[in-house]
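Dear colleague,

Please find below the structure that I am handing over to you. My findings follow it, arranged by region.

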Amino acid sequence: MQKGIRFYNALSRCVCFGLMLSLSVTFHAAQSQDKTQHKKPDDDDIVRVNANLVNVDVIVKDKKGKVVKDLKAEDFVVLENGVKQNIEFFDATLGNESSSSGTGPVTVTTETSTLRTLPRNLVALVLDGQTTEATNLKPVRDGIVKFVKDRITTEDSAALFAIAGGLQLVQPFTQDKEKLVSAVERTSHISTQAKTSEQRDIAATIEKLRNELAGAPSLEGITTQAGGSAAAQTMITKRVLEQFLQLRSTLSNQQTRPILAALAAICEGLRPMRGKKTLVMFSQGFVASEVLDWQVQSTIDIANRANVSIYIIDSTGLKGGVPQSSAVAPPSALAGISAAVDQESRIRTSAGESVFDISRSEGINRQQDLLFRISEDTGGHFIKNTNDFSDGLNRVDDEIRSRYTLAYRSTDQNFDGKFRKVKIEVRRPGVNIVARPGYYAIPPTQVVPSSPAEREMIANFSSIEARSTLPIAVETNSSFKAQDGAYVVPLLFDIPPAAVQFEERNGKRRLQLDVMGLVRKEGEQEILSRLGGNFNVELTPEQYQSILNDKIFYRQDIELGPGNYNIDLMVKDKASGKTAARREKIVLPAVNEQFSATTPILSRRANTVVPTLNKPADVLTVGNMQIRPSPSRQFLATDNLIILFRLYNAALAANGKPVVRVSVSLMRDNKLAAKRFDFDLSEVENDPVPHLAFAKFIKLTGLTPGKYIAVIESRDMVQLKLSKTEASFEIVQ
């Protein structure tokens, strides 16, 4: 399978593949099935880290609840884990002429003179066309127009974005109210991508099926013909329900991915800009399965690093009237947010309820919904149940203008990924302080989608590598040419089943692995991509027995441009606590026209696959056979040794085809261990770039246990060029 998530940035893309089970347990990185809790007490209280400064937004109120706006930098004291910190940057509340008094502002190296001329208050307005329906879009637009006309001042600059399949910049940052109003009027089309109505229809079908099952006879004890017929109908209804649940989850992910990517892109674009930065998104809400948890956390981390507060306003508004379907409307506001009413019913109720009321898709309960988490974890708020959207924007604006911003360089420069408590004190009696009490100590170049436990693993990489307790064999040597001068590099590793702990539960064996890979350019700290995930697999007795004589196998493909890279790989068996860490180096030369071969991949297994149109080519598939590599390169004498590699830039003969002869010699102790094998290649494959594919097997029968080297010589018979590669392996008893 090649379903998965594609991570994009300027230098790298990671293609994640779906989970597979064949004769061995095969992990591919798209699945994340661990039911981890992301909302610990401290998780609600994360301040933002910008460059190597810790930024803290603070609101100060007197005993009557009135905002205090006349404080200076010397009025504040910052303590981190009880240690006093030196305030290096101070920004007063908006409208206060004492801005940046007491200390000089710290210049971030990525800023330019153009960025410094922008106003102090930057507001990115975002219309979520992925979820907002056309009937709700007009009042949202009217509210934004009123806000622009009434609230935008000379201290402010606003931009308008729309999410409709992808991110659209409708109006760049400007102080021109007429441009902003005109841009809002051009967004009437964005709701064409909304899938909320489709979600509602699916939810209605799910509820109908559940009601049918509630009245169906039990499957236990049915033996009569009539009862058997009823049982068959019940089983069919269950299968149909499962399909609709899967469809709803898939549709939810389709909605959510572009929204999270858009939020992250906007925040990253705001990162080099100074001032008070706010993102306000209008959305009817969305949910995400656990496979997207990493992307949710990544969005929060990127916003925090850029010092952007995200506010989310429910574009459903507050509506009276009847439900939009046969669902029962909540009898009270309390019932609408509790389990008193079925989730699907609440989704379809128009009396102030929307998709925000789904706490988690497919029965995984959480105390708060996705967008509440995003807004609160980035210093903003979630605003709902209001028809006056300009009023919601005014509430956001009032809070922005009441904030002080303090920045300090921590005296503890050991970025260990742990939570640090931050306490703000004011040298003025009788005031109350509103500020987040801490942050995760992550280096500014290492904001990656990860949990606190994973962050601790990153910080302790060197010690884990020095004392690895989990034996793994890693392979990253093979790189295949892709389009536009890039390469696809499969990250491969396998683990002996005896090295991990299987938990027995309900007659099945459970395997839990945490995998994390960090891709960096050699010599640089900035993380280009995060790989891996949390894997939780339950094996039937037959599956468990089948892997005992094989390996637990993992594969994830990375697409990179030419250059030298390091991959820091960390693996943990959750049941036993065993860990492993490896640093692998990847060298990718600039693409040239030389006749060359990729580093061979060795395997003992291949699976038949069905070719699919419009699906990207798999670098480890030749024809209808997908090769499953053996990173440990250990084989039995009864195995067939499969060798896979690709050849590039072979010259064409007079008949328009290349002629390449491949010779494979199995060597042991510098001596030929078996007769040489010769093969001829002439068929060019063009996907993704022209190449010759070599995928052959050699019988190992008759070879004794020991270490061997496969010496592979590829000769271009047209231009008389030679490419020579080697691959070592071991035959075990």
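Two strands are taken to pair here if DSSP finds at least two bridges between them. With that convention, strand 24 and strand 25 form a hairpin with five residues between them. In the turn, Gly523 has a positive phi of about 85°. Please note that this is a predicted model, and that every value below is computed from it.

**The hairpin of strands 24 and 25**

Strand 24 covers residues 508-521 and runs antiparallel to strand 25, to which it is joined by 12 bridges. One of the pairs places Leu518 opposite its bridge partner Arg530 in strand 25. Strand 25 comprises residues 527-539, and 12 of its 13 residues are buried, so the strand is largely enclosed by the rest of the structure.

**The chain as a whole**

The protein chain has 733 residues, of which 53% count as buried. Its secondary structure comes to 13 helices and 40 strands. Among contacts in the chain with a separation of 6 or more, 74% are between residues 24 or more positions apart.

**The six-stranded sheet**

An open sheet of six strands follows the order 12-11-10-13-14-15, and its pairing is mixed. Strand 12 and strand 15 (382-383) stand at the edges with a single partner strand each, so one side of each has no neighbour in the sheet. Helix 2 packs on this sheet, where it touches strand 10, strand 11 and strand 13 (276-283). The direction of helix 2 makes about 165° with that of strand 10.

How is strand 11 placed with respect to the solvent-accessible surface, buried or exposed? Eight of the eight residues of strand 11 (residues 156-163) are buried, so the strand is largely enclosed by the rest of the structure. In a regular strand, side chains alternate between the two faces of the sheet. In strand 11, Asp156, Ala158, Leu160 and Ala162 point one way, while Ser157, Ala159, Phe161 and Ile163 point the other way. Both sets of residues are buried.

Strand 11 has a partner on each side in the sheet order. Strand 10 (residues 121-128) runs parallel to strand 11, and eight bridges join the two. Within this pairing, Leu122 has Ser157 as its bridge partner, and Asp128 has Ile163. Strand 12 (residues 167-174) runs antiparallel to strand 11 and is joined to it by five bridges; here Ala162 stands opposite Gln168.

Strand 10, helix 2 (residues 134-151) and strand 11 together make a right-handed β-α-β unit. A further helix, helix 3 (residues 177-185), lies across strand 11 and strand 12, and runs at about 165° to strand 12.

**The packing of helix 2 on helix 10**

Two packed helices are described by the angle between their axes and the distance between the axes. The axes of helix 2 and helix 10 (residues 389-400) come within 7 Å and cross at roughly 45°. That angle makes helix 2 oblique to helix 10. The crossing of the two helices is right-handed. On the side of helix 2, the residues that meet helix 10 are Pro139, Val140, Gly143, Ile144, Lys146, Phe147 and Arg151. Their counterparts in helix 10 are Phe389, Ser390, Leu393, Asn394, Asp397 and Asp398.

**The four-stranded sheet**

Four strands form an open sheet in the order 8-7-17-19, with antiparallel pairing. Strand 8 (83-85) and strand 19 (438-440) stand at its edges, each with a single partner strand, so one side of each is left without a neighbour in the sheet. On average, neighbouring strands of this sheet are turned by 30° against each other, direction ignored. Strand 7 (residues 76-80) and strand 17 (residues 419-426) pair in the antiparallel sense over five bridges, and Val77 stands opposite Glu425 in strand 17.

**The residue Gln733**

Gln733 is found in the segment after strand 40 (721-731). Which class of accessibility does Gln733 have, buried or exposed? Its relative accessible area is 84%; the threshold for exposed is over 50%, and Gln733 is therefore exposed. Gln733 touches Leu636 and Pro705, not counting residues up to four places away in sequence. The C-alpha atoms of Gln733 and Gln634 are separated by 9.8 Å, although these residues are 99 residues apart along the chain.

With kind regards

How values were computed. Residues are numbered from 1 along each chain as its sequence is written. This is a predicted model: local features need pLDDT of at least 70, side-chain atom pairs count only at pLDDT 80 or more; totals for chains, interfaces and linings use all residues. Side-chain values use heavy atoms; hydrogens and water are left out. Buried means under 20% relative accessible area, exposed over 50%, partly exposed in between (1.4 Å probe, protein chains only). A crossover is right-handed if, with the strands pointing away from the viewer, the path from the first strand over the helix to the second runs clockwise. Axes are lines fitted to C-alpha atoms, for helices over the stretch in contact, and angles run from 0 to 180 degrees between N-to-C directions. Angles under 35 degrees count as roughly parallel, over 145 as roughly antiparallel, 65 to 115 as roughly perpendicular and the rest as oblique. A crossing is left-handed if the near helix is turned anticlockwise from the far one by less than a right angle, and right-handed if clockwise. Contact means heavy atoms within 4.5 Å.
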